[in-house]
Amino acid sequence: MTKYPDLFILRHGETEWNLAGRMQGHLDSPLTVLGREQARKQGRLLSQVVTDACAWFSSPQGRAFNTAQIAAQNGQYIQQDIRLKEIEMGDWTGMTRQEIGQVRPDLFEEGAAPLSYYGQAPASESINAVAERARDFLSSLTTPAVIVTHGITSRVLRCVALDLDPSCFAQLNGGQGIVYAIRNGEYGALDDDGWRSEAFP
């Protein structure tokens, strides 16, 4: 495992487009009532493990930055970093999985890799491109960090931090209202049930 400072990685809370099953990519939609509660929960979880030595970073996209503002219960300064934005979905931005399946049914056939539709749309960003900006971001860290980002970027960022090939991103757990952590050589997650170790490929 590559040695980075301790990392606490959050996905933004549920949004209106999450609820509708639409691909957000570089567009945005507001947090739902549940999404704001998930952010408050992440703040409570972080308060158990994060010290004042942690720097706070967020994607500049509204759903992530709003989550960070809610989770930062002590008013910590949050630095926005464009390298933490979500994967660009290109022509499929705003579409549902069902609509994507009508265009590319092969990506949803039995045996298709999970989440294989990411990076496949015309004008979309590749998984490797997300990994490059994640690697650049992680290499710039000098202190433990709270990182508030997005579903795919979070998975790819964790792949990079765990020395996994970015193509393994779909094998890592996702979810909202959770804090993933890589610290002291361990990889795990914090939720209401406490700390649990996370498996990785």
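**Exercise 1. How many of the 6 residues of strand 6 are buried?**

Solution. The structure is a predicted model.

Step 1. Locate the element: strand 6 covers residues 186–191.

Step 2. Apply the cut-off, by which a residue is buried when its relative accessible area is under 20%.

Step 3. In strand 6, 5 of the 6 residues are buried, so this strand is largely enclosed by the rest of the structure.

**Exercise 2. Determine the strand order of the sheet and identify its edge strands.**

Solution. Step 1. The sheet is open and consists of 7 strands. Their order is 3-2-4-1-5-6-7, with mixed pairing.

Step 2. Strand 3 (78–80) and strand 7 (194–197) are the edge strands, since each of them pairs on one side only.

Step 3. On average, neighbouring strands of this sheet are turned by 25 degrees against each other, with direction ignored.

**Exercise 3. Trace the pairing from strand 1 to strand 7, giving the sense, the number of bridges and a residue pair for each step.**

Solution. As background, strands of a sheet pair through backbone hydrogen bonds, either parallel or antiparallel.

Step 1. Strand 1 (residues 7–11) is antiparallel to strand 5 (residues 179–183), and 4 bridges connect the two. Here Phe8 is placed opposite Ala181 of strand 5.

Step 2. Strand 5 and strand 6 also run antiparallel, joined by 5 bridges. Ile182 has Tyr187 of strand 6 as its bridge partner. The hairpin of these two strands has 2 residues between them, and Asn184 takes a positive phi near 50 degrees.

Step 3. Strand 6 pairs with strand 7 over 4 bridges in the antiparallel sense. Leu190 faces Trp195 of strand 7, and a hairpin of 2 residues links strand 6 to strand 7.

**Exercise 4. Which strands does helix 3 lie across, and at what angle does it run to strand 2?**

Solution. Step 1. Helix 3 spans residues 62–71.

Step 2. This helix lies across strand 1, strand 2 (55–58), strand 3 and strand 4 (145–149).

Step 3. Relative to strand 2, helix 3 runs at about 150 degrees.

**Exercise 5. Describe the surroundings of His150, beginning with whether this residue is buried or exposed.**

Solution. Step 1. His150 belongs to the loop between strand 4 and helix 6 (151–161).

Step 2. The relative accessibility of His150 is 0%, so this residue counts as buried.

Step 3. A polar contact of 3.4 Å connects the side chains of His150 and Arg63.

Step 4. Leaving aside neighbours within four places in sequence, the residues in contact with His150 include Arg11, His12, Ser59, Gln61, Ala64 and Glu86.

Note on methods. Residues numbered from 1 in each chain as written. Predicted model: local features only at pLDDT ≥ 70, side-chain atom pairs only at ≥ 80, totals over all residues. Heavy atoms only, no water. Pairing = 2+ DSSP bridges. Axes fitted to C-alpha atoms, helices over the stretch in contact; angles between N-to-C directions. Contact = heavy atoms within 4.5 Å. Buried < 20%, exposed > 50% of the residue type's maximum accessible area, 1.4 Å probe, protein only. Polar contact = N/O pair within 3.5 Å; in protein donor to acceptor, adjacent residues only side chain to side chain.
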